[in-house]
Amino acid sequence: MENRKGKTILIVDDEPNIVVAVEFLMEKEGYNIRKCYDGQSALASINEVVPDLILLDVMMPGMDGFEVAKKIRENQDWENLKIIFLTAKGTREDKMKGYANGGEIYLTKPFDNDNLVIAVNEAIEFG
Amino acid sequence: MHPSLLIFASIFYVAILFLVAYWAERRAKKGKSLVNNPYIYALSLAVYCTAWTYYGNVGRAATSGWGFLPIFLGPTIIAPLWMIVLKKIIIISKSQRINSIADFISSRYGKSIWLGVLATLISVFGIIPYISIQLKAIASTFDILISHSSHFNNFSHGPIYQDTALYIAIALVVFTVLFGTRHLDANERHEGLVAAIAFESVFKLVAFLTAGIFITFILHNGVGDIFEKASDLPIMEKLYDLEASGINGGTWFFLMVLSMMAIMFLPRQFHVSVVENTNSDFLKKASWLFPLYLFLINLFVLPIALSGLIQYPEGLVNPDTFVLSIPLDAGKDYLALFVALGGFSAATSMVIMAVIALSIMISNNLVLPLLIRSQTITNPYVFDVSKRLLGIRRVSIILVVLLAYGYFKSVGQGYTLVSIGLISFTAVAQFAPVILGGIFWKRGTKAGAFIGLSLGFLIWAFTLPLPTLAETGVIDDSFITNGIFGISILKPYALFGLEGFDHISHAVLWSLSLNFFGYYFGSLFSRQDPVEITQADYFVNVYKYRVSSQDFEVLRKKARISDLRNLTNRFLGEKRLETLFAVFEEKHGLKISELNIAPPELVNYIETNLAGSIGAASAKVIINSIAKEDPISLEEMFRVLEQTQEVIKYSKQLELKSAELEATTLQLKIANHKLKELDQLKAEFITTVTHELRTPITSIKSLGKILQTNPDLSETKKGEYLEIIVTESERLSRLVNQVLDLEKIQASDKDADGFEDIPFSELVRRSFLNLKQLMTDRNIRPGCRIMDAGMIIRGNYDQLTQVVVNLISNAIKFCPPVEGIIEVTLAVEGDNCVLKVSDNGVGIPPDQQEKIFEKFTQVSNQELGKPAGSGLGLFITKRIIENHKGSIEVSSRVNFGTTFKIILPLLKKESISFGEA
């Protein structure tokens, strides 16, 4: 529980209403929250403040989530940044792509609130 | 001229003929056939030119001017048609092993024995006078040479052993027997004979041209000279005035028709052109080579005739002998001898071929059927057929020549060559209806053929040969003037009161027309038996049978192998039997010795080959004596025939189909490609739709759960979350509706039902007003300008309303929160109405302008998040517009705004009213 304090989570999704829900769940767990609504601004945000974990949507206007993950993994400074994909794209190919691009966990929408929280907590604590 | 010189020359000439024939047969045995080419074939057709041509033409020209021509114009005119008529006859005859014209007729009409007999009788009676005039020509020319007397009729008054014609007849019999009946051939082909005939054709042409050149250019100074010298003769009048020559259009017409038939249906012509033919393609060359031959051999006819008339103005010399008398009187004995040999060759070639053709008919269509009927032939202990057949042939030859000699002695001397020749022509012309009908008209029946032929034959006999017998004193001649039995309408030269025609035209008119009508109506009022039906079908559709390479056999005859073997052995001999069986075994891959009962295929095969030797009718009877025929009903017959036709049709269609198939395969490939694309699209569609469904569900579910599990939430939060849930739920139901709409539109692609005349201006105005309040609420300044109030278009009211509302709603969505402007304009441009909806919103980047009309594309709006929408709106709009034969386009500048422009065709009411002005 201790080491959750001060951990920062970046939520990236082009659907503001989903961001609202995720933000509530994460804040309740005690994380610091940053929000972005597309890939480009997400990278800019990381450049500013490197979060501990990123909850990343895939289908977004402009740069998609896979690309964002790839960019993150290309940067040595961000190697401790955990990536959890949170997306409506649920096929096996999409998941493979997600892992290949450096994601630690791949969750599909609509997600179960508890499962999301557990996954994030585990990634933060044991990742 | 000393007789021994003439005899020596004749024997020498015949010896050359023997050599040519012998050489050709040797070559044929070695497989290097001499006659297997179109030139020899065309020359053999020139057997048409007999002593009649050689001597009689000049005689005819001397008495009637141009009157000699129609007999040669007829064949020349019909030659191009050989490829249609003669080719078909050849192909039928080859596949059915037909070897005479009587056999052809008999085969076509159910292998009828009696038709074969009738056709043989017509041929024999028709041709014997013709043969006799050849004997007459040879005999009289020889007498002229020997006595050097130009008087034609004073020979043969001595005792019979001094009779030239008799010796000539005997010599011809010997030659014909030697080369015509050496063996019993399956196809009745005689290469040696054909080679000899071709040689004779060359010889007679050269001899006649030599005489012509001598008379025209040596005795006189060319054609012009002759015409000048002859200008005072009465014949000249006839040359310049056809009416004066007594030859009217009708006579020419009948003579040409006669000769057209004769060139194909004279037994000897049928024999050389069909039976001896080795390749039906030869007809192509022959159809112009043969007319060329006719042209050459007629070239000097008129000059020689005029020259004779100039030289013998008193009329003491028979014009038929001009070609011989002129050189003789000019003291050119050797030239005269050469010319006489030319005439000899013309006569002998005709006699040999005619006699062969007749002997085949007599043995196969007359004698054999009679023997078969008397049962002697089917008894193996009484009759060894294979040896006897040749004997029958030989006897027939002798008989025919003797009959011709007898006719010559009793009747023939009183008539010119031409008049007797035409009597024969008229006889064989009787074959025309049954043969031509037989190969082009399936309905022609045995009974019809019999009635037609009999009528024609009777009329012919009554109107032509009978009066000649009377006029020469053989029978009482009172019936010629009084009519037979004193009945005045039965006068042979004025039958049924028809007068004003010459004898030949009169006879042709009556015999051929009654023959034709007898055949036609006889066929219409009689039925065909099963054999007739198969044969008729084969003859008429022979090309189809060949195309489908179908075995031609419908009757299922079975026989014991031992019977079949015995029978074949007796008729064809041991050697042919073994060859035939071996060929059959090879083809069908079975051992005949292992069989007890011969299959129908084998029985038919033997029958066809037997037919080649003894004629179709005889072969049928003989085979039937040992074969059991599975009973076959007429109905079954028709069924089998129909199936055959079907198969033939099918095989023809197959070719067509395979081409079609290739095309179809290509189309299928294209279609398959499209389907795959569609499939891909569908998969993408489903993925996209599910994604779009998941998004609102995600928020609803997650926030719902939050509300459920966090009862201590602040009221503001609760309110906020609940509102999101409601919004997303709305989004969700909108999406579902739109998917349903999409489905509707795609279905309505198929028909334009539900279309009506729509007052479009009214529709736009109403839609705009409906949304006006919403725009004002969002601080948007709405503008609507409708330039023309009466716009009518044809379309679906609801769909078009949806389009307009959708476009305005889009504009509202993209308008900036403050100072938004929306401008709707509607105007007529040409035949279209144009609707523009403009906003001053964020605009669409150029690279996305194309994509916005695709499904689920939305323009990103990074700052504001996305406006609510499914991404289906513009796609649906586009589909609807296209459904109305209109178009939609977008123009936009980022940060300045977007304009959507819809073009729809106007209903052209105005153009009608303007049409009057």
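At what angle do the axes of helix α27 (residues 561-588) of chain B and helix α28 (residues 600-614) of chain B cross? In this predicted model, local features need pLDDT of at least 70 and side-chain atom pairs count only at pLDDT 80 or more, whereas totals for chains, interfaces and linings use all residues. Residues are numbered from 1 along each chain as its sequence is written, and chains are lettered from A and ligands numbered from 1 in the order in which they are written.

The axes of α27(B) and α28(B) cross at roughly 130° and come within 10 Å; axes are lines fitted to C-alpha atoms, for helices over the stretch in contact, and angles run from 0 to 180 degrees between N-to-C directions. Helices (H or I, at least four residues) and strands (E, at least two) are DSSP runs, numbered from the N terminus. The crossing angle makes α27(B) oblique to α28(B), given that angles under 35 degrees count as roughly parallel, over 145 as roughly antiparallel, 65 to 115 as roughly perpendicular and the rest as oblique. The crossing of the two helices is right-handed, a crossing being left-handed if the near helix is turned anticlockwise from the far one by less than a right angle and right-handed if clockwise. On the side of α27(B), the residues that meet α28(B) include L564(B), F571(B), L580(B) and F584(B), and among their counterparts in α28(B) are L602(B), Y605(B), I606(B) and L610(B). By class, this contact divides into 11 nonpolar, four polar and one charged residues, where Ala, Val, Leu, Ile, Met, Phe, Trp, Tyr, Cys and Pro count as nonpolar, Asp, Glu, Lys and Arg as charged, and the others, Gly among them, as polar.

Within α27(B), F584(B) counts as partly exposed because it has 18 C-beta neighbours inside 10 Å; a residue is buried if 20 or more other C-beta atoms lie within 10 Å of its own, exposed if 12 or fewer, and partly exposed in between, with C-beta atoms placed from the backbone. Leaving aside neighbours within four places in sequence, F584(B) is in contact with I592(B), L602(B) and Y605(B), two residues being in contact if their C-beta atoms, placed from the backbone, lie within 7 Å. The C-alpha atoms of F584(B) and I606(B), which are 22 residues apart along the chain, are separated by 9.5 Å.

A second helix pair in chain B is formed by α1 (residues 3-29) and α9 (residues 191-219), whose axes come within 7 Å and cross at roughly 135°. These two helices are therefore likewise oblique to each other, and their crossing is right-handed. The contact draws on residues of α1(B) including L17(B), V20(B) and A21(B), and on residues of α9(B) including L193(B), A195(B) and F199(B); by class, 10 nonpolar, one polar and two charged residues take part.

Chain B also contains an open sheet of five strands in the order β7-β9-β10-β12-β11, with mixed pairing; two strands pair if DSSP finds at least two bridges between them. The edge strands, each pairing on one side only, are β7 (780-786) and β11 (887-893), and neighbouring strands are turned by 10° against each other on average, direction ignored. β11(B) pairs with β12 (residues 897-905) of chain B in the antiparallel sense over seven bridges, and the bridge partner of V890(B) in β12(B) is F900(B). Helix α32 (residues 760-777) of chain B packs on the sheet, touching β7, β9 (820-829) and β10 (832-839), and its direction makes about 170° with that of β7(B). Helix α33 (residues 797-814) of chain B also packs on the sheet, touching β7, β9, β10 and β12, and its direction makes about 20° with that of β10(B).

In chain A, strand β3 (residues 53-56) is covered on both faces, with L53(A) and L55(A) buried on one side and I54(A) and L56(A) buried on the other. β3(A) pairs in the parallel sense over four bridges with strand β1 (residues 8-12) of chain A, where V12(A) stands opposite L56(A). β3(A) pairs in the parallel sense, over four bridges, with strand β4 (residues 82-87) of chain A as well, and I54(A) stands opposite I83(A) in β4(A).

The contact of the two chains takes 17 residues from chain B and 20 residues from chain A. On the side of chain B that touches chain A, α30 (634-709) and α31 (715-748) are the elements that give two or more residues, and α30(B) gives the most, with 11 residues. This side has four nonpolar, eight polar and five charged residues. L25(A), in helix α1 (residues 16-28) of chain A, is buried, with 24 other C-beta atoms within 10 Å. Apart from neighbours within four places in sequence, L25(A) is in contact with N113(A), L116(A), V117(A) and I706(B).
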